[in-house]
Amino acid sequence: MEFTILFITILFISLIQIAAPFLVKRTVVFGVAIPYEQTNHPKVKQFKRRYAISTCFIALIVLLRFFILKQGSITETKLVLSGVVLPFVLILASLSLYFYFHYKTTKVKKSQHWFEGVKQVRVADLSVRLKDEMLPSVVHFIPVILTISIVGLTIHVFDQLPNQVPTHWGPNGQPDDFTTKSWMTVLNLPIMLFVIQIMFFGINAATKNSGIKLSATNINSAKRRQLNLRKYSSWFLLVVNILMTMLFSFMQLNLLYENLVSNSMLWITPLIFFILILGGSLILAIKVGSADSDLEGKVIIEETNQIEDVDEDQNWKGGLIYFNPNDPSVFVEKRFGIGFTLNFANPRGYFIIFLPIVIILLMSFTM
Amino acid sequence: MLTVEPTSSIPIYIQLRNQVMEAIARGELSTGDTLPSVRALAADLGVNMHTVNKSYHELVSKEIIEIVPKKGAVIIANNKENISEERLESLSNELKPLVTEALVHGINEIKLHDLVSKIMKNIKEVE
């Protein structure tokens, strides 16, 4: 079972890594902005192909290695450990390839004098927000009702709890670590959950306020991509919130009433969690990745455009980290991969993402 | 659709102000419509919020938009109504140096009329 889950995870990560250059916006190649009419340039196509083939090769080796490990006489713990380490090996390898082709693309861009002497513009659609289908941020408060009930329940049964409460469960769902009962240890899980729910509310709200970046050379496709990204990622966020709430609630119920939740339930919840997250990311990748990317398949106008989008390379460190103090957006679309990344020049982002993470980490260590 | 050119010698806030006015002149925006919030438009364009704020203030002082609490920037200019005396006077004050400049360069009245018609046509034609 563990093998299957880890194998599927590695396979999934491999596919996303291999497909990345073809799922991202056509006008950004390995984190480097290029003019719209150069998206079919032979060098650009060659780089993408080479990256995909190399990553595919590495992924095959990693998957094969994992499979061989399983065949050999290896303890389950060691198998799981290698299943956790191997995806990182894969990501590190594809990241190195990314940087290599990032450098190569930058060189081609310079030598071909792309963007030089072209009028560079930024565009905005005044009515685009009417078409924005992001979920309202308050939906993230619906699961909070459950958190509050769980807290209420915990307070209600606090006196009846044994003096030693379980704080850690083994892979078989049986508690293997205990702590002396106190308000802090008993309410630890619900408080953590509450912090997560507030963080999700903050992420949704900040994304709503972030810019809908359009492309002057390809307005309709860019709009579709941005609106899909916003819509589906806000749905994804809500699904993750509900799953987290379910998982934490189960764990808390298990803490309060030892035998209320059966072992099979404890084991199946993370599995559902896993399947939904994987399915959700796949839908997101397809819905977003099919617009304004190589997959869109629309023939590109051959004539030279008189205008281009502003070349924003100087705001993207290594093509991966966005740092633009002028842009009030907290989240912007990633340049390589599907999803959002932080505007590291905006302190609100640190507040929304890192503050809750620090609180959660502190809580799990002090427990 | 708004288009701004960050590297242009014309400041971005002036470009934005002009673009909004042109959108109204073309009928893309009409009386009662709301402009995006300062934060939203600045985020969409990836420009500083002060820049957008400055252009909204310009539009307020021209009596084209009004900042309504909780609603945002609402367009109040109405091209179906007659222009007020004060607006006409301030417009004529702003046009005066330009007309003078044209005269200095030897443009006669007919050519000036032609020029104005051309500009008007150009504003309406831009997609």
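**Close-up 1. R129(A) and D44(B) form a salt bridge between the chains of this predicted model**. The closest N and O atoms of R129(A) and D44(B) are 2.4 Å apart, and this pairing falls within the 4 Å limit used for a salt bridge. Across the interface of chain B and chain A the rule finds one salt bridge, alongside seven residue pairs in polar contact, with both residues of each pair at pLDDT 80 or more. Side chains of opposite charge can pair when their charged atoms come close.

**Close-up 2. The side of chain B that touches chain A draws on a strand and a helix**. At least two residues of this side are supplied by each of β1 (2–4) and α2 (38–45) of chain B, and the largest share, seven residues, comes from α2(B). Sorted by residue class, the side of chain B that touches chain A comprises 14 nonpolar, three polar and three charged residues.

**Close-up 3. Chain B and chain A bury about 1900 Å² between them**. Of this area, 60% is given by carbon and sulfur atoms, and the contact itself takes 20 residues from chain B and 24 residues from chain A. Within chain B, the residues that lose the most area to chain A are M1(B), R39(B) and D44(B), which together account for 34% of what that side buries. D44(B) therefore appears in two of these views, being also the partner of R129(A) in the salt bridge, a pairing that requires a side-chain nitrogen within 4 Å of a carboxyl oxygen.

**Close-up 4. Strands from the two chains pair across the interface**. Strand β3 of chain A, which covers residues 119–124, is joined to β1(B) by three bridges, and the two strands run antiparallel. In this arrangement R122(A) stands opposite V4(B), a residue of β1(B).

**Close-up 5. Domain 1 and domain 2 of chain B meet through a contact of six residues and four residues**. Chain B is divided into domain 1 (12–75) and domain 2 (85–125), whose C-alpha centres lie 24 Å apart. Six residues of domain 1 are in contact with four residues of domain 2, and the two domains bury about 480 Å² between them, with 45% of that area on carbon and sulfur atoms. On the domain 1 side, R26(B), K62(B) and E63(B) lose the most area to domain 2, together 67% of what that side buries.

**Close-up 6. E63(B) and R87(B) meet in a salt bridge in chain B**. The N to O distance between these side chains is 3.7 Å. Between domain 1 and domain 2 of chain B the count is two salt bridges, and the count of residue pairs in polar contact, both at pLDDT 80 or more, is four. The largest share of the side of domain 1 that touches domain 2, three residues, comes from helix α1 (residues 12–26) of chain B, while the residues of that side divide into one nonpolar, one polar and four charged.

**Close-up 7. K109(A) and D311(A) form a salt bridge within chain A**. The closest N and O atoms of this pair are 2.9 Å apart. Because K109(A) lies in helix α3 (residues 76–111) of chain A and D311(A) in the loop between β6 (307–309) and β7 (316–317) of chain A, the pair ties together parts that are 202 residues apart in sequence. Over all chains, the count by this rule comes to 18 salt bridges.

Note on methods:
Residues numbered from 1 in each chain as written. Chains lettered and ligands numbered in written order. Predicted model: local features only at pLDDT ≥ 70, side-chain atom pairs only at ≥ 80, totals over all residues. Heavy atoms only, no water. Contact = heavy atoms within 4.5 Å. Buried area = accessible area lost by both parts, 1.4 Å probe. Polar contact = N/O pair within 3.5 Å; in protein donor to acceptor, adjacent residues only side chain to side chain. Helix = DSSP H or I, 4+ residues; strand = E, 2+ residues; numbered from the N terminus. Nonpolar A, V, L, I, M, F, W, Y, C, P; charged D, E, K, R; others polar. Pairing = 2+ DSSP bridges. Domains from an automatic or database assignment.
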